[in-house]
Amino acid sequence: MLTVGGRGHESLDGGLPGDLDLIVNILVHDGWKAKGADIIKTLKLSYGNALLGGDVEVSMPFNKSLNVRIPAYSNTGRKIRLAGMGLVNGDTGEKGDAVLIIAIVLPPKRKLPDAIEMLIRDWKL
């Protein structure tokens with residue numbers, strides 16, 4: 001809620017106007033959630049992208065997209081913080097952060113090529 005002092009209705013007895021209270025709703029964009037001034041999103045990665053790392057394009061609020069470098073060997077639950085890419089804090093004017101939480105997603109169930117299956121079995125992942 002946002003309060004604007006002195007901008008409400010005048011009092012019934014002719015006194016000064018009261019405060020105007022505004023309720024602000026923030027719309028969710030493409031899987032983002034707001035927590036204070038920070039915005040949070042689960043970033044789904046293939047096993048290969050999580051293991052090898054690399055650049056991934058992330059859709060940001062306000063019709064922006066950003067290339068984010070994923071570190072190699074990123075496990076599910078790892079957080080990548082993008083400082084200053086969140087919402088503006090109405091009280092302080094400071095920008096929050098965008099936080100990406102990695103979730104490794106396996107491909108649809110299908111037969112792996114024999115060479116890849118052997119490699120995984122030998123590696124004992």
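This passage walks through a strand hairpin, a surface patch and a pocket in a predicted model.

The hairpin is a good place to begin. Strand β5 covers residues 54-60 and strand β6 covers residues 64-70; the two run antiparallel and are joined by seven bridges. Within this pairing, V56 of the β5 strand stands opposite V68 in β6. Three residues lie between the two strands of the hairpin, and in this turn F62 has a positive phi of about 65°. As helpful background, side chains in a regular strand alternate between the two faces of the sheet.

Attention now turns to the surface. Here L2, L20, L22 and V24 make a nonpolar patch of about 310 Å². One of these residues, V24, is found in the loop that runs between β2 (20-22) and β3 (33-35). V24 counts as exposed because its relative accessibility is 53%, and the cut-off for that label is over 50%.

The last feature is the largest pocket, which holds about 490 Å³ of space. Its lining is made by 17 residues, and those closest to the pocket centre are Y47, P107, L112, I116 and I120. Two helices, α1 (47-52) and α2 (114-123), each supply at least two residues of this lining. Of the contributors to the lining, α2 gives the most, with six residues.

Technical notes: Residues are numbered from 1 along each chain as its sequence is written. This is a predicted model: local features need pLDDT of at least 70, side-chain atom pairs count only at pLDDT 80 or more; totals for chains, interfaces and linings use all residues. Side-chain values use heavy atoms; hydrogens and water are left out. Patches are made of residues with over 30% relative accessible area and no salt bridge: like charges are joined within 9 Å, nonpolar side chains (Val, Leu, Ile, Met, Phe, Trp, Tyr) within 5 Å. Accessible areas come from the Shrake-Rupley method with a 1.4 Å probe; for residues, only the protein chains shown count as cover. A salt bridge is a side-chain nitrogen of Lys or Arg within 4 Å of a carboxyl oxygen of Asp or Glu. Helices (H or I, at least four residues) and strands (E, at least two) are DSSP runs, numbered from the N terminus. Buried means under 20% relative accessible area, exposed over 50%, partly exposed in between (1.4 Å probe, protein chains only). Two strands pair if DSSP finds at least two bridges between them. On a 1 Å grid over the protein atoms alone, a cavity is a set of points where a 1.4 Å probe fits but cannot get out, and a pocket is an open set with protein on both sides within 12 Å along at least five of seven lines; lining residues have an atom within 4 Å of a point. Grid points are joined across faces, edges and corners, and a volume is the space filled by probe spheres set on the points.
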